[in-house]
Amino acid sequence: MTLYVNLKTVPVYICYQNINLCHRRICAREAANVCVRPANDPRPEAEHHRACCEESTAMERPQGCVFITYEMVTLNRAITIDTSAILQEKQKSYIYLTHTTNREQESLASGFTIKTRKELHKAARKFIEISSRVLLRPLDERLSHLDADPQECALWMLLKKSCSADRAVRQQAVQELAQNHHWQDYQYQTAAQVIDQRTAVALARMPNVDLRFFLPPPPLPRTDDDISLEDGLRQLLASLPQSEVDQCVQYFTSLALRESSQSLASQRGGLWCFGGNGLPYAQSLTSTPSEKVETFCLQALVQHSKVQSHCDHIVANGGLQLLQRIFQLRRDSPKIQSNIVRIIGNLTLNDSLHTAIVQSGWVAVLAEMIQSPHIKQASHAARALANLDRDAVRQKYQDGVYIMHPQCRTNQPVKADVLFVHGLLGAAFKTWRQKDLDVAEDDKVEGVREDYTECWPKSWLAADCPNLRILSVEYDTHLSDWKAKCPAENQRKSLAFRSQELLRKLKDAGVGDRPVVWVAHSMGGLLVKKMLLDAAKDPDLSPLIKNTKGILFYSVPHHGTFMAEYSVNARYLLFPSIEVKELCRDSPALRDLHENFLNIAKEQEFKVLSFAETLPTYIGPMLKILVVPSKSADLGIGDLIQVDVDHLNICKPETKDSFLYKRTLQFIRDALGGQRIK
């Protein structure tokens, strides 16, 4: 252990063992005499020094340096530092002072010893006490003598607490680390190298955490110049097994592997699609950029990442590094980045892969992305980090279940869940945006745009009810079979299939463990009704029924819709998919669903509120229809409120002060007990 101390301009070098110093005084005459030990003297230091002292009265010493000895003793039994460096040191320390002239020596010697002792004792005690507090002493012990500024060791104290065996101590330490913004840059860099995996993930989930806490992603391995990102993705897809995936994943993966960039460009006349996001066949290479092909391959990889055994293959074959490379190179493509983080979120469902994910630098990426102003990207990152944070989150968020609030760690207890379920052609985020702006009046619009939100449940509802956990679910829907090219797609789109799939995902997310309010738009309301009916038949899901307190329906076609009845002309245009066919007015399946749900709703005393549209909706340039008439939107229980909007905007409040939002907020509060959620 080595300690350097500067006494004004006099350099001092100290070597010591076992902590404390016992000072042996020397007089001015002794200080003026110099003992110089030759470099080749084989005698131990102590023997050489004693010999020098015995001879000092008999002979004049040559001019040189003052030799002061501090013997090391144990000040008390409690303080020890068990390091190999200290054990190797000798039991004496040596202080070498630069030579001064004979005239200066005599005047300085008398006061120098006392001053040196004072400064050295202070420096040694400061180091000892800091070391003992950080490395040895119990965290709650207070030392009686402290020369060090508490801020100097505060960072290290918090870092040690973050590794405590006590979960509450760990979480408090992480919170204090994130909230203290007075650290210097070198302290952030030191902390980034010291923190363990659990602490890094916890810090990434703290609100507005300083990104200097995280090490940048490690350098990526060099690749051959002739291997493009697209080729890397194709190689990764080719390495994945085709087992344990449904026919749609096999179908699209085989297309991605079979077709080259040139053949993609030459084909025409259709759409490849996952979730309604199509990749048009182009007529030339210039109209099919590599980003499009990468997006298509990434969407296929998303499907593979839903299979646990495939996740192991993705990681083992360098998928984390490949995705990191694409993510860094495609920072100008939110769509590609969202798909990549969606894949990472699926990988985080496997606890065995957490270490590989952290070591490949994804925590730093997710910590930055969760602070993004883009709600979709932030929500993808929040889901991945929540799945990584096994110290604070016991639930797991499957693909298609997104946390709108709280996306970070919070001290506020969650008292209830609100689930948002979109309808036909909807999505987890875009369905719940604020009403689209009218750009007719530029000056007026500019003032409104500052407050415009892409997701009012996250921006408005979370602020008004911070004790809620707000979730949004997403499932693929198609209005027309033009966008359903997979041969097995129709079997996956029925209400029965989606109900079972979402119930499993919601159970993993802990939905049903606390009071629940459902908010659904259009076909999403039918899906909610089907899920509650299925849950009532499953004993494992009975808590979901008991804890459902209310359901809010936005233009839900309880009795069907006219859209499915447009026969010849409309059918040529739409080729109605199975979702649309299930909405046929007064169909037997729809009637059974409605009657059975009414029985459960009355038995469980669900609170119900329904909104109905009164304005027609444009379906393409040729069709303008009232998608869900008020009669069909009336469940038969609860209140029915008609609103002068069309089907698409019935779930998009114009402002936070609009009637649509205020009535929604009031219903949620009433269903959950009023003041409890404020």
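## A tour of one pocket, one aromatic cluster and one glutamine

**Stop 1: the pocket.** Select Arg205, Ala392, Cys408, Arg409 and Thr410: of the 28 residues that line the second largest pocket, these lie nearest its centre. Keep in mind that this is a predicted model. The pocket holds about 680 Å³ of space.

Now add helix H6, residues 167-179. This helix gives the largest share of the pocket's lining, with six residues. Then colour the lining by class. You should find 13 nonpolar residues, nine polar ones and six charged ones.

**Stop 2: the aromatic cluster.** Clear the view and show the aromatic side chains. The structure has 11 aromatic pairs. Start with Trp432 and Trp456. How do their planes meet, stacked or edge-to-face? The ring centres are 6.4 Å apart and the planes stand at 80°; edge-to-face applies to planes over 60 degrees apart, so this pair is edge-to-face.

Trace the chain on either side. Trp432 is in the loop between strand E9 (416-421) and helix H19 (442-449). Trp456 belongs to helix H20, residues 456-464. The two are 24 residues apart, and their pairing links distant parts of the chain. Switch on a surface to check both. Trp432 has 0% relative accessibility and counts as buried. Trp456 is also at 0%, and is buried too.

Next, select Tyr554 and Phe611. Their ring centres lie 5.3 Å apart, with the planes at 10°. Planes under 30 degrees apart count as stacked, so this pair is stacked. Which strands do the two rings come from? Tyr554 is in strand E12 (residues 548-554), and Phe611 is in strand E13 (residues 607-613). The pair therefore ties together parts that are 57 residues apart in sequence. Is Tyr554 buried or exposed? Its relative accessible area is 0%, so Tyr554 is buried. Phe611, with a relative accessible area of 0%, is buried as well.

Now bring the rings together. Select Phe420, Trp432, Trp456, Trp460, Tyr554, Phe611 and Tyr661. These residues form one aromatic cluster. Both pairs you have just visited belong to it.

**Stop 3: Gln377.** Finish at helix H18, residues 375-388, and pick out Gln377. Its relative accessibility is 8%; the limit for buried is under 20%, so Gln377 counts as buried. What does Gln377 touch, leaving aside residues up to four places away in sequence? Show Pro334, Gln337, Ser338, Met369 and Ser372: these are its contacts.

Methods: Residues numbered from 1 in each chain as written. Predicted model: local features only at pLDDT ≥ 70, side-chain atom pairs only at ≥ 80, totals over all residues. Heavy atoms only, no water. 1 Å grid on protein atoms, 1.4 Å probe; cavity = no way out; pocket = protein on both sides within 12 Å on 5 of 7 lines; lining within 4 Å. Points joined across faces, edges and corners; volume = space filled by probe spheres on them. Helix = DSSP H or I, 4+ residues; strand = E, 2+ residues; numbered from the N terminus. Nonpolar A, V, L, I, M, F, W, Y, C, P; charged D, E, K, R; others polar. Phe/Tyr/Trp six-rings, centres within 6.5 Å; stacked < 30°, edge-to-face > 60°. Buried < 20%, exposed > 50% of the residue type's maximum accessible area, 1.4 Å probe, protein only. Contact = heavy atoms within 4.5 Å.
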